[in-house]
Amino acid sequence: MFILFIQGRNYDFYLARQKDLRIFAEVLSLYHMKKQELYDKIVSIFEEKMPVAETELHYNNPFELLVAVILSAQCTDKRVNMITPALLHDYPTAEAMALATPEVIYEYIKSVSYPNNKSKHLVGMAQKLIKDFGGEVPGTMEELTSLPGVGRKTANVIMSVVFSKAAMAVDTHVFRVSHRIGLVPQRCTTPYSVEMELTKHLPDEVIPKAHHWLILHGRYVCTAQRPKCKDCYLKEVCKSFPKESLISK
Ligand code: SF4
């Protein structure tokens, strides 16, 4: 009798647990579906409103883009575009830049942020391109991040723009806009975790363009201080609307 009682209790417990697990699975799938629906909606809105989305850095070849992206760290694209014409006129290739000294390069780039470090990085990057990659810009994360001045974000930009790979560079705009819209959860507190979350939900073929969508949206609409929520075409689906619009008044 006692054994039957225990077995009965265990069985009830087992059924209750199964029910809990079923509910948990349903909630999880609902959450995932809603999340994916949000992604699909955002992609379709951006496709319609911003069919062409490209980097605003000026460049003619992969080497020029790599130089510009290294210079753009903590600096505006506008400022970088002002200084690259003279620099790349005099040092148009990895071969030419590898022979320069950081002191000479510094004179060309002194109006950008961190010119001391960046001039050393540019010369070091050019020398490594010659030594290890035949003067060509490589296309993998491992190879790119072996170059001085090239971190994960810069490598992702090069892989995405030059090699059309499904690489998502997370800068300050991508980080902020992804959080505000609700594309990534609050627990994503690092650029790497935001990158992982975005690449998990976005289709591979869309990722290179999505990087520019989020940057351009952050630069001109969903700005850090006063986001233009009322004019924003994402307000219908944005998690932060109208909260941000009230703050930005
Ligand atoms: S509604 Fe406001 S917070 Fe949301 S994406 Fe647009 S500008 Fe940013």
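**Close-up views of helix α8 and its surroundings**

**View 1. Helix α8 is largely enclosed by the rest of the structure, because eight of its 10 residues are buried (20 or more other C-beta atoms within 10 Å of the residue's own, C-beta atoms being placed from the backbone).** This is a predicted model, in which local features need pLDDT of at least 70 and side-chain atom pairs count only at pLDDT 80 or more, while totals for chains, interfaces and linings use all residues. Residues are numbered from 1 along each chain as its sequence is written. Helices are DSSP runs (H or I, at least four residues), numbered from the N terminus. The buried residues of α8 include Asn 156, Met 159 and Ser 160, and the buried set packs against α2, α7 (141–144) and α11 (207–220).

**View 2. Helix α2 passes α8 (residues 152–161) in a right-handed crossing (the near helix turned clockwise from the far one by less than a right angle).** Their axes come within 10 Å and cross at roughly 150°; axes are lines fitted to C-alpha atoms over the stretch in contact, with angles from 0 to 180 degrees between N-to-C directions. Leu 65, Leu 66, Val 69 and Ile 70 of α2 meet Thr 154, Val 157, Ile 158 and Val 161 of α8, contact meaning C-beta atoms within 7 Å.

**View 3. The largest nonpolar core (buried Ala, Val, Leu, Ile, Met, Phe, Trp, Tyr and Cys residues joined through C-beta atoms within 7 Å) holds 54 residues.** Leu 66, Val 67, Ile 70, Leu 122 and Ile 158 touch the most other members. Helix α2 (residues 62–72) gives the most to this core, contributing eight residues.

How values were computed:
Buried ≥ 20, exposed ≤ 12 C-beta atoms within 10 Å, placed from the backbone. Helix = DSSP H or I, 4+ residues; strand = E, 2+ residues; numbered from the N terminus. Contact = placed C-beta atoms within 7 Å.
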